[in-house]
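Here is a friendly walk through the model shown below. Please keep the sequence and the 3D view at hand as you read.

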Amino acid sequence: MKFLGLVLKSASRSKRRTALTMMSVAVAVFLFGALRAILDGFDAVAAASSATRIVTIRSTSMIFSMPVSHTEVIRSTPGVTDVTWANWFGGIYKDPKNFFGQFAVDPESYLRMYPEIQLTPDERKAFLDDRTGCIVGDGIAKKYGFKVGDRMTLQVGIPTYGSRDFDFTIRGVYHAGGAAVDNQSMMFHWKYADERSTPQGQIGWYVSRVDNPDRAVQVAKTIDDKFANSPYETKTDTEQAFSAQFASMLGNLNLLLGSVALAVVITTLFVAGNTMAMSVRERTTEIAVMRTLGFPAITIFLLVVGEGLVVAVVGGTAGALLSRVIVNGEALGLTGGFIPAFGVSNANVAAGLALSALIGMLAALIPASTASRLKIVDALRRVA
Amino acid sequence: MGLITNYNLRSMTVRRGTAAMTAMGIAMVVAVFVMTMAIAQGFRGALVASGSNENAILLRKGATSETVSGVLRSQLPIIEAMPQVARASDGHPLASPELVVIIALPRVTDGAPANVPVRGVGPLAFEIRNTLRFVEGRRFTPGTREINVGRQAVTRFRGVALGNELKFGSASWKIVGIFEADGASFESEVWGDVDLMQPAFQRNGYQSVTLKLVAPSAFDTLQSTIGGDPRLDLKGYPEQDYYEGQSETTGTLMRIFGIFVTTILSIGAVFGAMNTMYAAVAYRTREIGTLRALGFSRVRIVAAFLVESVALALIGGAIGCILALPVHGVSTGALNMTSFTELAFKFRITPALLALGMVFSALMGAVGGLLPALRAARIPVARALREI
């Protein structure tokens, strides 16, 4: 600790250089925080999924539907306590670029299944009572300026629903109480869409609640067995497995973002290592004098590593704080629809700080060992 | 210019270590830039390669992709009778009514299901898409439950191989041929007889019609003929434009991601270059003073240091390009957000992309070198000469 003053003094020897290095470390940690935030967004969905909800889709693919008659068969499966269903509507709000999820759902059972969809009792009642009512997430409500009572028209995107536009009245703006539900969706009465759909009585997917999470896999298998060899075979998974698969369809994000993060660290290592080398080279004579005065080699080594550490951690702190302030869904106005909660967590701020410490130490390693192994006689003879 | 530039370039080699580190920092940024852009280019390339300027694709009015389009059975003969449609040697119109559905197949790598497009095609589809070549097996026989698969589908999904059977749409389908298509998106697809796919997937009608034009210039008259026929609520697109449009959403997203990452990364590298150049200026203060005393103008000094910085960055840029090159041609897959299916494609590094990488590195060098170069020019001659 008594050397801290000396470390700080060395670091402030060339203020501009130290500042530039700090800033490049800050940039690296900022980028690291941003990339982690993206990955976390996806992980959060899987982690927040309920262990007692299972999702049944057609075994061929999610885009195929199954008859509404499956409802009673699923409901009567031992272990299933509640069933609801939904369809992907895929309508167009004014312009195809305005993309958000639209689901035709069975309102009462759907709201029961997903307590994460938080509505006031008045909104809830108004939605259930209005056949052409809909509810929207507060995320898209903010983006498109939707308010309770507004009219909203969707053009049909999937030919199944005919060609006439669908008119809705917004009966509620919901708040997403958990990452299993995003705040970027719109839900309305399944019956309203079904009236105009050809063929009628089609369901995209079922969500069931099981009484015991330990039996979820077994119940899922029982459901699939019931429909095996029928024209509408099913595939049932826990909600967790289902969201994980969905995220994996976007490609190998872990690998892509991981390689980018690695490139960031290496780039910063070059920049910071360069600075440390410069700083040590400038002080060759001073270091030789310190060695002559009796400072052991290890102290010199630690002094240089300490300097690298201080510079990097100060930069890293700035970068981590910056990423925490800038990188969050609201500030960026990100409404991609797939990523519900978006932000840099405390754990990632800590990881960013650790990363900067690592960069600082690694960058200082070679210059520090050069400095500690300096031959005093040579160094003193040298004219800087 | 000659002497002073030469002096600066040679000075670079005096502090080899520092110069190398700076160049490597820039090299990493350029490598990341080239690689991320290569993904975006490869993705777009696979879709663009699917379209030919001799073909047109017809979709329902307002449909943005095949998956949400619909063409009635009764509309097909009207289209086939149009004079703009090319004919095969036996007089059959070269038009293929098609149906695209998505099935889930397990990926080879992790067994997780991926969305794979299944395309039901007319008997003349292979004459219309004449870039398709069979690498193994033969075409499916119309009227049977035989299918062909793209080369990429074979390598990416489990159970897809010549002679195997795939189960989908309440039936079993035998793979009798594997085709390639110059890296086009068709290589990720499964093809079979459209007339058997319709009942298998409980579809009544088609989703699109792809036809060969008698000449690329015939497209405009085709479009107006379609527009003038009240029985057709369809719209034609030159096939190339259509597939290019299909790459837009995902391709743009990939580009934005690449640009975001490289911009931020380049800021770090520019700081590094600044450090190096400031050190270079400080180290050579006396030499700069001498040059100024000899009569070299401030502008020449600024230019010379900028050249040095840019040269250093260009070396880094070249190394970065070389570092990125091995990924060229590597296959990968991504979800196309327009069709919601997985598309296999290869990283594509073009000379233009490498040139862009070099320009980018030069830019980093210029930005990083500017302030130190200005500082070099501002040093008073008398003081500079007194420095040791």
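A residue counts as buried if 20 or more other C-beta atoms lie within 10 Å of its own, as exposed if 12 or fewer do, and as partly exposed in between, with C-beta atoms placed from the backbone. By that rule K94(A) is exposed, because it has 11 C-beta neighbours inside 10 Å.

This is a predicted model, in which local features need pLDDT of at least 70, side-chain atom pairs count only at pLDDT 80 or more, and totals for chains, interfaces and linings use all residues. Residues are numbered from 1 along each chain as its sequence is written, while chains are lettered from A and ligands numbered from 1 in the order in which they are written.

**Backbone features in loops**

Most residues other than glycine have a negative phi, and most peptide bonds are trans. Helices (H or I, at least four residues) and strands (E, at least two) are DSSP runs, numbered from the N terminus. The table lists two residues with positive phi and one cis peptide bond.

| Item | Value | Loop |
|---|---|---|
| K94(A) | phi near 65 degrees | between β3 (80-88) and β4 (101-105) of chain A |
| D182(B) | phi near 55 degrees | between β7 (171-180) and β8 (190-193) of chain B |
| T198(A) to P199(A) | cis, omega near -5 degrees | P199(A): between α7 (190-195) and β10 (202-203) of chain A |

D182(B) counts as partly exposed because it has 13 C-beta neighbours inside 10 Å.

**Helix α2 of chain B**

Is α2(B) enclosed or open? It is largely enclosed by the rest of the structure, because 29 of its 33 residues are buried. The expected span of a helix is 1.5 Å times one less than its number of residues; for α2(B) that gives 48 Å, which agrees with the 45 Å between its end C-alpha atoms.

Helix α2 (residues 16-48) of chain B packs against α12 (residues 351-378) of chain B at about 145 degrees, with the axes 10 Å apart. Here axes are lines fitted to C-alpha atoms, for helices over the stretch in contact, and angles run from 0 to 180 degrees between N-to-C directions. Two residues are in contact if their C-beta atoms, placed from the backbone, lie within 7 Å. Residues of α2(B) that meet α12(B) include I26(B), F33(B) and M37(B), while L353(B), F360(B) and M364(B) are among those on the α12(B) side. This contact has eleven nonpolar, three polar and no charged residues. In these classes Ala, Val, Leu, Ile, Met, Phe, Trp, Tyr, Cys and Pro are nonpolar, Asp, Glu, Lys and Arg are charged, and the others, Gly among them, are polar.

**Where the chains meet**

The contact between the chains takes 40 residues from chain B and 37 residues from chain A. On the chain B side, α9(B) gives the most, with 13 residues. That side has 24 nonpolar, 14 polar and two charged residues.

**Domains**

Domain bounds come from an automatic or database domain assignment. Chain B is divided into domain 1 (2-47 + 248-386) and domain 2 (62-232), whose C-alpha centres lie 46 Å apart. In chain B, 14 residues of domain 1 are in contact with 14 residues of domain 2. The largest share of the domain 1 side, six residues, comes from β12(B).

Chain A is assigned domain 1 (4-46 + 252-381) and domain 2 (60-232), and their C-alpha centres lie 48 Å apart.
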